[in-house]
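Here is a short walk through a structure for someone meeting it fresh. Have the sequence and the 3D view side by side, and let's start with a pair of cysteines.

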Amino acid sequence: EGWRSSCFKITMINVILAIDAGSSSIRCTGYEYHGVLNSQDDSDLDYSSTQLSPSSSQSQPRVIALEGIIHTIRMASIIPNTGHIRIHEVLSAIDKCVD
């Protein structure tokens with residue numbers, strides 16, 4: 001009964017999941033996005049090089065890293081002497097990183 005009387009607040013946030021597949025590791029980092037996601041109204045999007053910085057009317061950056069939402073898997077994704085990418089291993093590592 002006690003849980004029924006408790007108040008819960010659910011906050012929805014917009015998350016960007018950045019995946020960096022490098023030659024020695026796969027990194028996955030989460031960011032919170034503070035901007036418009038509606039494709040019909042992109043009036044606040046700034047396509048200049050400072051797009052992720054706060055505008056003069058904003059008090060915080062549009063994109064901030066989410067604390068604790070980062071994972072790295074060390075691996076050799078390039079086959080030595082051939083330069084070929086170990087695509088199956090890389091894709092598997094990306095899948096594990098996202099999980």
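Find Cys-97 and look for its closest cysteine sulfur: that one belongs to Cys-28, and at 4.7 Å it is too far for a bond. A disulfide here is a pair of cysteine sulfur atoms within 2.5 Å. By this rule, the count comes to zero disulfides. Before going further, keep in mind that this is a predicted model, where local features need pLDDT of at least 70 and side-chain atom pairs count only at pLDDT 80 or more, while totals for chains, interfaces and linings use all residues. Residues are numbered from 1 along each chain as its sequence is written, and side-chain values use heavy atoms, with hydrogens and water left out.

So are these two cysteines buried or exposed? "Buried" means under 20% relative accessible area, "exposed" means over 50%, and "partly exposed" is in between, using a 1.4 Å probe and protein chains only. Cys-28 is buried, with a relative accessible area of 4%, and Cys-97 is buried too, at 6%. Contact means heavy atoms within 4.5 Å. Setting aside neighbours within four places in sequence, Cys-97 is in contact with Ile-26, Arg-27, Cys-28, His-71, Thr-72 and Ile-73. Counted in that way, Cys-28 has contacts that include Leu-17, Ile-70, Cys-97 and Val-98.

Both cysteines also belong to the largest nonpolar core, seven residues in all: Ile-26, Cys-28, Met-75, Val-90, Ala-93, Ile-94 and Cys-97. A nonpolar core is a set of buried Ala, Val, Leu, Ile, Met, Phe, Trp, Tyr and Cys residues joined through side-chain atoms within 4.5 Å. The elements giving two or more residues to this core are E2 and H2, and H2 gives the most, with four residues. Those labels come from DSSP runs numbered from the N terminus: helices are H or I runs of at least four residues, and strands are E runs of at least two.

Now zoom out to the strands. Three of them form an open sheet in the order E1-E2-E3, with antiparallel pairing. Strands E1 (14-21) and E3 (63-74) stand at the edges with a single partner strand each, so one side of each is left without a neighbour in the sheet. From one strand to the next, the twist averages 15 degrees; axes are lines fitted to C-alpha atoms, for helices over the stretch in contact, and angles run from 0 to 180 degrees between N-to-C directions. In general, strands of a sheet pair through backbone hydrogen bonds, either parallel or antiparallel. Here, two strands count as paired if DSSP finds at least two bridges between them.

How do the pairs look one by one? A hairpin of three residues joins E1 to E2, and eight bridges link these antiparallel strands. E2 (residues 25-33) also pairs with E3 in the antiparallel sense, over eight bridges. Along that second pairing, Glu-32 stands opposite Ile-64 in E3, and Cys-28 stands opposite His-71 in E3. Across the sheet lies helix H2 (residues 87-98), which spans E1, E2 and E3 and runs at about 40 degrees to E2.

E2 is worth a slower look. It is mostly covered, since seven of its nine residues are buried. Cys-28 is found in this strand, and the C-alpha atoms of Cys-28 and Thr-72 are separated by 6.5 Å although the two residues are 44 residues apart along the chain. Tyr-31 has its place in E2 as well, but this tyrosine is partly exposed, with a relative accessible area of 26%. Not counting residues up to four places away in sequence, Tyr-31 touches Asn-14, Val-15, Ile-16, Ala-18, Val-63, Ile-64, Ala-65 and Leu-66.

Which side chains meet in a salt bridge? A salt bridge is a side-chain nitrogen of Lys or Arg within 4 Å of a carboxyl oxygen of Asp or Glu, and the structure holds one. The side chains are those of Arg-27 and Asp-20, 2.4 Å from N to O. Asp-20 also stands opposite Arg-27 in the pairing with E2. Arg-27 is partly exposed at 30% relative accessible area, and Asp-20 is partly exposed at 35%.
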